Amino acid sequence: MVDAPHRVPARTVRLRSVGDGERELQYRVVHGYRRAFRMAGEGPALVLIHGIGDSSATWAELIPDLARTHTVIAPDLLGHGASDKPRADYSVAAYANGVRDLLTTLGIESATLVGHSLGGGVAMQFAYQFPERTERLILVSAGGVGREVNPMLRLVSLPGAHLMLSALRLPGARLQVGLAVRMMKAMDTDLGQDAPDLLNLVDALPDETSRNAFIRTLRAVVDWRGQVVTMLDRCYLTEGMPTMLLWGDRDSVVPVRHAFGAREAMPGSRLEIFEGAGHFPFHADPGRFVALVEEFTRETAPADWSRERWRELLREGRPGTAAGRAGSVRERAVERELREVSERSAT
């Protein structure tokens with residue numbers, strides 16, 4: 001059951017205004033690479049992590065509202081936006097390390113993480129690697145739940161993807177793609193809901209360096225069969241961590257059924273469905289998105305991480321697998337399904 005799908009919480013009292021200068025990109029060099037980020041506001045830390053091919057610009061219209069009650073940090077992940085794009089490790093584990101190191105340079109010890117798409121996987125990985133620094137999780141149309149993903153992403157993971165992406169930059173190609181997008185929207189398809197935002201991602205890959213970084217990132221999490229990284233095998237570790245899942249019911253990239261699977265796997269998590277929205281629910285209804293984030297951070301206490309409890313959870317393992325027990329028929333079926341969903345995880 002979805003928690004209050006139509007309820008829009010009351011807005012919190014505004015603490016301060018945010019100037020345009022605070023939304024501009026700033027830079028820090030970490031491990032020799034330039035990392036771009038936006039930082040604004042005062043209060044508890046809120047980290048906004050974008051999806052694949054995107055950048056901190058995707059949050060730009062939301063930052064002023066969120067920054068009135070939080071210190072908002074929105075990084076451009078390595079290989080994205082204005083950050084450097086080296087030939088490097090673009091796995092979700094490496095991205096989690098990068099977020100930790102950037103926050104450390106900024107003097108931020110713990111934060112609530114908001115992750116969209118690939119960023120949701122990065123946020124979950126951050127919580128797994130650094131639970132003592134994670135106050136809450138807000139996962140938005142997150143990757144890493146099931147194998148299913150938009151066929152176009154599976155196609156781009158194949159050899160020859162560089163040529164296909166380069167062809168989209170040829171004269172006339174943008175016009176043809178734009179016509180196709182308008183047709184999909186006119187036909188009211190699910191992909192039509194997301195096509196304009198996805199097209200913006202293509203526009204964000206103007207050169208070979210950007211395209212190489214995009215493809216390396218994609219191949220770290222997707223192959224021709226679909227997503228190859230799962231968070232389901234360690235979701236039980238989120239016990240006691242406030243977690244909210246936000247999803248559009250017309251998501252053409254990561255199906256909304258993944259939201260229900262994630263909710264079942266994450267004890268005590270809350271699910272909010274954005275009706276009529278696609279893969280970018282925070283673009284479809286930014287007012288509701290901001291209100292939910294504000295309410296959730298205001299009404300939940302930060303996770304109280306305990307080394308002893310973490311040890312107990314790890315020893316007990318996932319339900320149905322503890323201490324080598326085979327578990328019930330239902331538990332064995334869940335275990336088989338989990339193995340089928342993904343054959344490897346980011347560790």
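Here is a walk through this structure, from how confident the model is to its helices and its nonpolar cores.

Keep in mind that this is a predicted model. The chain has a mean pLDDT of 80, and 70% of its residues reach 70 or more. Two stretches call for care. Over residues 4-17 the pLDDT stays under 50, and the model gives that stretch 38 contacts beyond four places in sequence. Residues 322-326 also stay under 50, with five such contacts.

Now turn to helix α9, which runs over residues 257-265 and has His258, Ala259 and Ala262 as its buried residues. Look down the axis of α9 and these buried residues fall within an arc of 105°, so they line one face of the helix. The general rule behind such patterns is that an α-helix has 3.6 residues a turn, so residues three or four places apart point the same way. What do the buried residues of α9 pack against? They meet β8 (226-227), β9 (243-248) and β10 (270-274). On the face turned away from the buried side, α9 carries the exposed residues Arg257 and Glu264.

Helix α11 tells another story. It covers residues 286-299, and at 1.5 Å a residue its 14 residues should span 20 Å; the C-alpha atoms at its ends are 20 Å apart, which agrees. This helix is mostly covered, with 10 of its 14 residues buried. Among them are Phe289, Val290, Leu292 and Phe296, along with charged-looking names such as Arg288, Glu294 and Glu295.

What about the nonpolar cores? The largest one has 55 residues, and Leu137 and Met266 have the most contacts inside it. Setting aside neighbours within four places in sequence, Leu137 is in contact with a list of residues including Leu113, Ala123, Met124, Thr243, Met266 and Phe296. Apart from this core lies another, of 24 residues, among them Ala67, Val140, Met244 and Val293. Phe296 and Val293 may ring a bell, as both are among the buried residues of α11.

Finally, stop at Leu118, in helix α3 (residues 118-129). Is Leu118 buried or exposed? Its relative accessibility is 8%, so Leu118 counts as buried. Who surrounds Leu118? Beyond its neighbours within four places in sequence, Leu118 is in contact with His50, Gly51, Ile52, Val92, Tyr95, Thr217 and Val221. You can also place Leu118 relative to Leu139: the two are 21 residues apart along the chain, and their C-alpha atoms are separated by 9.9 Å.

Terms used
Residues are numbered from 1 along each chain as its sequence is written. This is a predicted model: local features need pLDDT of at least 70, side-chain atom pairs count only at pLDDT 80 or more; totals for chains, interfaces and linings use all residues. Side-chain values use heavy atoms; hydrogens and water are left out. Buried means under 20% relative accessible area, exposed over 50%, partly exposed in between (1.4 Å probe, protein chains only). Helices (H or I, at least four residues) and strands (E, at least two) are DSSP runs, numbered from the N terminus. The arc is that of the directions from the helix axis to the C-beta atoms. Contact means heavy atoms within 4.5 Å. A nonpolar core is a set of buried Ala, Val, Leu, Ile, Met, Phe, Trp, Tyr and Cys residues joined through side-chain atoms within 4.5 Å. The expected span of a helix is 1.5 Å times one less than its number of residues. pLDDT is the predictor's confidence in each residue, from 0 to 100.
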